[in-house]
Each structure stands twice: as C-alpha cells, then as structure tokens.
Amino acid sequence: MALPELFLQELKMRSDMADVASSYLHLKRQGKNYVGLCPFHNEKTPSFHIYSDTNSFYCFGCGAGGDVITFIRQAENLDYMEAVRFLADRVGMQVPETQEDPGLSQLRSRILEINREAARFFHGVLLAEEGKPGLEYLRSRGVQPKTIRRFGLGYAPASRFALVDFLTDKGYTSHEITQANVGFVSRNGRLVDRFFSRVMFPIIDLRGNVVGFGGRVLTQEKPKYLNTSDTIVFKKSQGLFAMNFAKEACREQLILAEGYMDVIALHQAGFPNAAAALGTAFTGEQARLLTRYTKEVVLSYDADEAGQKAAARAIQLLREVGMPVRVLSIPNGKDPDEYIRSFGEQGPARFKQLIESSGNDVEYQLRRIREQYPPETAQGQVAYLQAAADLLSRLDSRMEQEIYAGRLAEETGVARSAILLQVDKNRKKQGKLRQKQEFRQIQQQMSGMKDAVNPEKFRHLRAANAEEGLLAFLLRGPEPGQVEWIAASLPPEQFCTEFNRRIYQRLLERLLQGKGCDLTSISETLSIEEAGALSRMLAKMDSLPLSQEDVQEYIQIILQERMKLETEQITSAQPEDIQAYLRKLKEQKK
C-alpha cells in the first residue's frame, strides 16, 4: 500500500530541496533557483541545478535528477522507504504504518540481519579454539583485545559450511544467504561459505549497519583479501572502512590509508580519523563523501609502485572535488603500522610529526616526476619540465601555477615566463578537448542517442520531444479543465515511445482522480534513472511559460508522428496484418 498523499505532500513541504542538498554541497543562488557542483560526479564547472518551483533537481553533467526523496536515495544509497524515513526523521515526522511490498525492502532488511548474525558468528569463532590462527595473527600485529571488540574482528573457520549451516538454522533461506554474498551455491547444488580460513573485518556503514566483509587469508593463497561483492545494501565504490568511527574525529583532517590493518593500527595508536577504501581503487564517490566530513585529506599509501599509482589516482579525484591533499612519506617504505610499532611508545608521536611535516600533493607529484625524469641532462630536463608544466596546467589556481613555476625556474635555470607559457599552452589544449567532449555529449542528448530510459527516443525524436513537453506541462500542474481536454484529445496509445506513454497514462489517471501529480507523488514507482529523466524534462522547460497553444501543438505533433509510424508499419506489413488493421479502424468508427 502506498504512503498517504497528505503525508508525502507534508514531507515534501518540510523538506526543502535546497535546504536538504546544502548538507551535501555548496549552493549558490541563481535567481529563484540554485546551482552547485554535482555531488554525484566529478566536475569543475557547476552543472547541478535546483528548481524552487518544482522542488526538484537536475544535473546537466551526469543526468542525475528527481525530487528530494530521489536525492537522498542517491546521496545515502537507500531504497525508497529508507529515504522517506531518513527525511521524516530529519523533520520530526512519523512515517505512517504501511503494508510494504515484501519484495526489495524485505530482502534488504533480511540481508542486514544476515550480515549482523554473520559478524557475531565470526567474532565468536575468533575467540574460540577454531579461531586460534586468526587470533594469533592479530596478536602478532599488535592488535589489542579492546580493538578487536571495537572493530568486531572475527575469523571464518576452515569448514566450508559452518556459516551457511548456522544461518540456515536461524531461518534464512538459500536465496537470502546468496544475495547477502556470504554464501554461494556450488556445482553440486550445496550451499557453501564464501569466506573460510580468513581473518574477518566487518564493514559498517555510517548508520551502524554491517553491510559487508573483508577477509584476509593467512597463507600465501590468492587473493590475499576477499571482499563482499556489491549487493543491494553494499557498494564498494561508495563507502570507506571505519568511516563510521572516523566521521566523528575527522572534521579538520582525515588520514586515508591503503588497507584495513593500517586503519586499525592507526585507530589503536590514537588516530581515530583514519579510513580506507573497501578492497578496490579509491573512487570519485568516496572523494565526494569525504567533502562532507573533513577539510583535508592526508594520503598514507604504500611506497611500492602499486601504492604510488593508487596515491596518484586518489590525488586527482580529491583535487577534482576541491579537497586539499597532503601526502605522507614514511621512511624506508614502511606502512603506518610498521612505523608506529618500530618506535614503541614513541610511535604515535613520531607518526604525528610525519603528518605535520608532510608536503602537499603538488610537491609530491613534482618529486615523482623528478624521479622519473632526472634533470641532470638536457634531455632529462626537457622531459622533466614538460611533465611538470602538464601537471601545473591542471591546477585551477593561477597563484599555485606561478608559485611552482617560480620554484621550477630556480631549480632548473629556465625562465619562469617560459615555463608559464608552456603551462598556458597545455591548459588551452585541455580546454579545447573538454569543449569537444561537452559538445559531443550535448549532441547525443539532443538526438536521443544512448538514452537508456527511453531507447525509442532516437528513432522517434520529433514525437519524443513533444511527448516530453506535454509531460513537463502535466508535472507543473495544469489548470482546472485542461486535463480533461488533454485526455480527450490524446489517448495514451497515441504516444510513440513506450516510456513516455507509461508516464503519461499514470499522470492522467492521478490528475483525473484529483490527486497530486508532481515528482514526489509518483517517485515511489520510479527508478532513480526514470526520476532523472522526468527531472530533465522539467529542467528543459523551466524558463519556458507553457500555454494551452503550446500543449495543442505538442498534441498535434504526437498525432502526426503516430500516423506516420502507423503508415510505415502498414507499408511493411503482411496482407493479413493490413486486413486486421482495417477491421480495427472500422470498429473504432462504430
């Protein structure tokens, strides 16, 4: 059963789109609307717009859009009902009791229960006799009992059936266990544990839910770390390990480490502001998450080639979201855990000194370029300066460019003006390339190419554009009497594209019943992508006053294009199909 109309409208009224979004990004007023850098993709030029009249948002860069509920679904990785509860809690409203669809929402709840039970199971095994290998490993790494309890560390026993049998006895089905990705069905049809003979690290989201696991093998077997695959409650690209703890301690600075053990060692040593990516490369989504919780990131990655590549990627992504970055250089290539333990009681103080003396990301990257192209020879100096100029050309601040160009001039003896000239040339090339990419993207949008929500748009572009104009008119709220006239003039079957037809039919039904017809009133039945498509239609028409004459023109275009389509279908039809079509026309006339 759907949520009551009055509740949804009050929730929308209390949850102003701009007010909610301002917790996730910096907004600038632009007339009656707002604009800012999109929180859902990396960009330097603001393309995220909030429309006050419709309490909706749309990003012209990545296509994200919808109402305030859709925004929270994307920002917090929630399903529809969870996003409603999130917003209701925010404004002090009580969500009415509903008979929810037992499908996706129930499965999400069951998976979270399974993860919680699995975490308890693994922790219990670690403290039992069969968990001895895992406990000995953690002790060898200096992990204290209170840290084991705080992080809920555990051990997956060698048996391939221990956890799945435990969960089955608890009443969980094979489907639920496999959907949680803690088990899988083998070739012979037997349910099998995904994790075995591994130290287990529960992954906890910002709301305190166990959403997944990382497991470290204690032998030379590969992979060294095995992580939960993406599920309906867990996306590796969106969260960070220990962020549930770090969010309270990282307001000024966050330490981004490379692995689970590094983070645990840092927390134990008195650095609760440490977090790490979840068994995958650092992502733009994680970079955007950090902008909500901290002012500066200190990268603490391994000194090997893989670690340095990972650091370079993280620097780029953090720079793109405007996050200041410093890079930690640990002597002798040690990781944070090794370094801190090597100094005993003085370890935390020594590590703090390293952080305070660490250089920023530009200095780190220039040092890396110098190592790659030693400037002792003329050839090396040219390569070094070209690579350095390319780096400086990607900086947004002219002041930064001039400062580092001056340092390079002092170091190499090449005129600062010559270095800046090369920087400007590179920047101009990058700008032209960006313009080409943006132009290509606009062309694709205008032509309907790669429209995943309405794949028929490309083949019926004129009709689809008119359909979108009509849908935007209905979503903006027609005057009394206009809906009846539209419904009589244009039955849903006259639409040329299936997606637009489905939305049109739904809007007409609601409006003819006297119900609300904005994005919020129908968002429960929309996917995130569909909500974005409707928001794009509204955004495209935002500054255009749609009159009844415009609507009449849309209807005429749709009817004309439908007739063309039917004519084309008849031309290529078989004789029996033509006879059936003629019979249908006769019946319609009667």
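**Sheets, a cavity and a pocket: a short tour**

Let's start with one pair of strands: strand 2, residues 33–36, and strand 3, residues 48–51, run antiparallel and are joined by 3 bridges. If you want one pair of residues to look for, Tyr-34 has Ile-50 in strand 3 as its bridge partner. Please keep in mind that we are looking at a predicted model.

Now zoom out a little. These strands belong to an open sheet of 5 strands, paired antiparallel in the order 1-2-3-4-5. Why is one side of strand 1 and of strand 5 left without a neighbour in the sheet? Strand 1 (27–30) and strand 5 (65–66) are at the edges and each has a single partner strand, so there is no neighbour on the other side. Helix 24, residues 528–540, packs on this sheet and touches strand 3, strand 4 (56–59) and strand 5. The direction of helix 24 makes about 95 degrees with that of strand 4.

On to another sheet. This one is open too, with 4 strands in the order 6-9-10-11 and antiparallel pairing. Strand 6 (154–156) and strand 11 (225–227) are its edge strands, each pairing on one side only. From one strand to the next, the twist averages 35 degrees. Between strand 6 and strand 9 you can find 3 bridges, with the two strands running antiparallel; Ala-156, for instance, has Arg-198 in strand 9 as its bridge partner.

Two helices lie across this sheet's strands. Helix 5, residues 104–126, crosses strand 6, strand 9 and strand 10 (210–217), at about 35 degrees to strand 10. Helix 11, residues 260–268, lies across strand 9, strand 10 and strand 11, and runs at about 70 degrees to strand 9.

Next, some parallel pairing. Strand 12 (residues 254–257) runs parallel to strand 14, with 4 bridges between them, and Ile-255 stands opposite Val-298 in strand 14. Strand 14 also pairs in the parallel sense with strand 15 (residues 325–327), over 3 bridges. There, Leu-299 stands opposite Val-327 in strand 15.

Here is a handy rule: in a regular strand, side chains alternate between the two faces of the sheet. So which residues lie on each side of strand 14, and are they buried or exposed? Val-297 and Leu-299 are on one side, Val-298 and Ser-300 on the other, and all of them are buried.

Let's turn to empty space. A probe the size of a water molecule, rolled over the atoms, shows where such space is left. How many cavities of 30 Å³ or more does a search of the whole structure find? The search finds 1. The largest cavity holds about 50 Å³ of space. Its lining includes Phe-151, Ile-204 and Phe-245, and divides into 7 nonpolar residues, 1 polar and 1 charged. Strand 9, which we met a moment ago, gives the largest share of that lining, 3 residues.

Finally, a pocket. The second largest pocket contains about 1,600 Å³ of space. Of its 44 lining residues, Lys-44, Gln-316, Glu-320, Arg-394 and Arg-434 are the closest to the centre. By class, the lining has 14 nonpolar, 16 polar and 14 charged residues. Helix 13 (305–320), helix 16 (361–372), helix 17 (378–393) and helix 19 (416–447) each supply at least two residues of it. Which helix gives the most? That is helix 19, with 9 residues.

That's my tour, and thanks for listening!

Methods
Residues are numbered from 1 along each chain as its sequence is written. This is a predicted model: local features need pLDDT of at least 70, side-chain atom pairs count only at pLDDT 80 or more; totals for chains, interfaces and linings use all residues. Side-chain values use heavy atoms; hydrogens and water are left out. Two strands pair if DSSP finds at least two bridges between them. Contact means heavy atoms within 4.5 Å. Axes are lines fitted to C-alpha atoms, for helices over the stretch in contact, and angles run from 0 to 180 degrees between N-to-C directions. On a 1 Å grid over the protein atoms alone, a cavity is a set of points where a 1.4 Å probe fits but cannot get out, and a pocket is an open set with protein on both sides within 12 Å along at least five of seven lines; lining residues have an atom within 4 Å of a point. Grid points are joined across faces, edges and corners, and a volume is the space filled by probe spheres set on the points. Ala, Val, Leu, Ile, Met, Phe, Trp, Tyr, Cys and Pro count as nonpolar, Asp, Glu, Lys and Arg as charged, and the others, Gly among them, as polar. Buried means under 20% relative accessible area, exposed over 50%, partly exposed in between (1.4 Å probe, protein chains only).
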